[in-house]
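Subject: Structure handover

Hi,

Here is the structure we talked about, ready for you to open next to your own notes. Have a look at it first, and then read on for what turned up.

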Amino acid sequence: MMEAAHKTLTPTGRHLRLDTFVRLRWLALTGQSAAVVGAQFGLGLNLPFGWCFLVIATSCWLNLALRIRFPASYRLSDDSAALLLAFDIVQLAGLLFLTGGLQNPFSLLFLAPVLISATALPPERTLALGLLAVGLATLLALVHRPLPWFADGRIELPFLYVSGVWTAILLGTAFTGVYAWRVAEETRQLARALAATELVLAREQHLSQLDGLAAAAAHELGTPLGTIMLVAKELDRQLGPTASPAIAEDLSLLRDQVDRCRGILSKLTSMGEENEEGETFLQTVTFGHLVEELVAPQRALGVAVEVVRQGDGPEPVCRRNPGVMFGLANILDNAVDFAESRVVLEAGWDAERVTLTVRDDGPGFPSEVLLRAGEPYVTTRNRDRSQNPDEVGGGLGLGLFIAKTLIERSGAQLLLSNITEVGQHGALVRVTWARHFFEREVIVPHRVAHNSLRPLTERDAAPI
């Protein structure tokens, strides 16, 4: 599901909208027109005025044609956007050819189309546009009309200066293109990763809402069960001693099963309510039970999972949070996948902190993962290792990012490292909560007498 969402959202998210493209071009054409008019009439420079406006008018006609032919919401394909940006580069080169080539200070505008391409198009198209811009700049350094100057003189800048401008365009195109592409790509990756996280949270939220559905179902089933019980009692009263042993047994069994159903429905309707001990059914869990719930699905996978629990004082109690459970399960899944034979979960606590450490005896984290831990699209798996297409972010490097995001939202700190002890190897992940944060909004029963905190209500937010 996540893989499909990634494939459908990513391409359209980076395509340029035609309306944005046309507006940017109108802005550029306005600037070009103002520069030509100002130089001709304001400064009195001798420009090929008619030819310059013919070149500008070509872009105006293209803009009008695009506006008439396509709706404003139309998104350009990568090839179409690259062709339009290439046209802009050629149009700018035509204006510069008429006004002095690279001696014209506006020649640095060659960088603008390359910058737009770097932020919105794939790298290969940006490279092609950059080569086109540098190629035309090289041609303009050699072939161009004289730089327009005042009527009483003529200026010719040294070729060394022109070479410097050409070098500036070359370096500026390379640096600006790479820098803008890198920043835009990281933004796109982060947006896709956050979208994946939101889908995961939505799925887990649906699971956490099952208690409400169960309570609603129990409420609806209460009336027909009451009717069944009433009919069973009436039959037992009417038949009385005249009923055969088989019928009497069936009536007794019917009453027993109705009582059993009522007991089950009573539990379902109390899923969001506190019991006599101040705990909430299926919502409050001890630290040890949380660890066992994480480990239980891994018991039959062929890798020994050992649980070590050690702490000072009473065992911590927390509110169940599907997001945190998903994040911790993801970390444990990775440890089991990469372990050679053994994974150890160390659950520890004291008066100040609650700690969960996951160790495995696998190859450990690669250096690039440790350097960029928690960033989206940093993966410890090869692409061909992702065999499960339904796995959230499988093979894309989203798993660790999502797990880190979900866990840190609960107030925890997550540390990734490799085991450095003599004779041992593997990866180590340590999750640490401040104990008061881990247990916030949860009243441990044996502390009630010494604590003035109010009990939880169903509407309180769950911290973990």
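Please keep in mind that this is a predicted model. A good place to start is the open sheet, which is built from 5 strands in the order β2-β4-β5-β7-β6, with mixed pairing. The edges are taken by β2 (304–311) and β6 (413–418); each has a single partner strand, so one side of each is left without a neighbour in the sheet. On average, neighbouring strands here are turned by 15 degrees against each other, ignoring direction.

If you zoom in on β2, you will find that it runs parallel to β4 (residues 342–349), and that 8 bridges join the two. One residue to click on is Arg309, whose bridge partner in β4 is Ala347.

Next, the helices on this sheet. Helix α10 (residues 287–295) lies across β2, β4 and β5 (353–360), and runs at about 165 degrees to β4. Helix α11 (residues 322–338) also packs on the sheet, where it touches β2, β4, β5, β6 and β7 (427–434). The direction of α11 makes about 30 degrees with that of β5.

Now for the nonpolar cores. The largest one has 37 residues, and the ones with the most contacts inside it are Phe287, Leu328, Leu332, Val343, Leu345, Leu356 and Trp433. At least two residues each come from α10, α11, β4, β5, α13 (398–409), β6 and β7. Which helix gives the most to this core? That is α11, with 7 residues.

Leu328 is worth a look of its own. Setting aside neighbours within four places in sequence, Leu328 is in contact with Leu290, Leu294, Leu356, Ile407, Val431 and Trp433. Another core, of 29 residues, lies apart from the largest one; Leu76, Ala86, Val165 and Ile169 are among its members.

Finally, a helix pair to visit. Helix α5 (residues 111–120) packs with helix α6 (residues 123–142) at an angle of about 175 degrees, and their axes are 9 Å apart. Angles over 145 degrees count as roughly antiparallel, so α5 is roughly antiparallel to α6. On the α5 side the contact involves Val114, Ser117 and Ala118, which meet Arg125, Thr126, Leu129, Gly130 and Ala133 in α6. Sorted by class, this contact has 4 nonpolar, 3 polar and 1 charged residues.

Happy browsing, and best wishes!

Methods: Residues are numbered from 1 along each chain as its sequence is written. This is a predicted model: local features need pLDDT of at least 70, side-chain atom pairs count only at pLDDT 80 or more; totals for chains, interfaces and linings use all residues. Side-chain values use heavy atoms; hydrogens and water are left out. Two strands pair if DSSP finds at least two bridges between them. Helices (H or I, at least four residues) and strands (E, at least two) are DSSP runs, numbered from the N terminus. Axes are lines fitted to C-alpha atoms, for helices over the stretch in contact, and angles run from 0 to 180 degrees between N-to-C directions. Contact means heavy atoms within 4.5 Å. Angles under 35 degrees count as roughly parallel, over 145 as roughly antiparallel, 65 to 115 as roughly perpendicular and the rest as oblique. Ala, Val, Leu, Ile, Met, Phe, Trp, Tyr, Cys and Pro count as nonpolar, Asp, Glu, Lys and Arg as charged, and the others, Gly among them, as polar. A nonpolar core is a set of buried Ala, Val, Leu, Ile, Met, Phe, Trp, Tyr and Cys residues joined through side-chain atoms within 4.5 Å. Buried means under 20% relative accessible area, exposed over 50%, partly exposed in between (1.4 Å probe, protein chains only).
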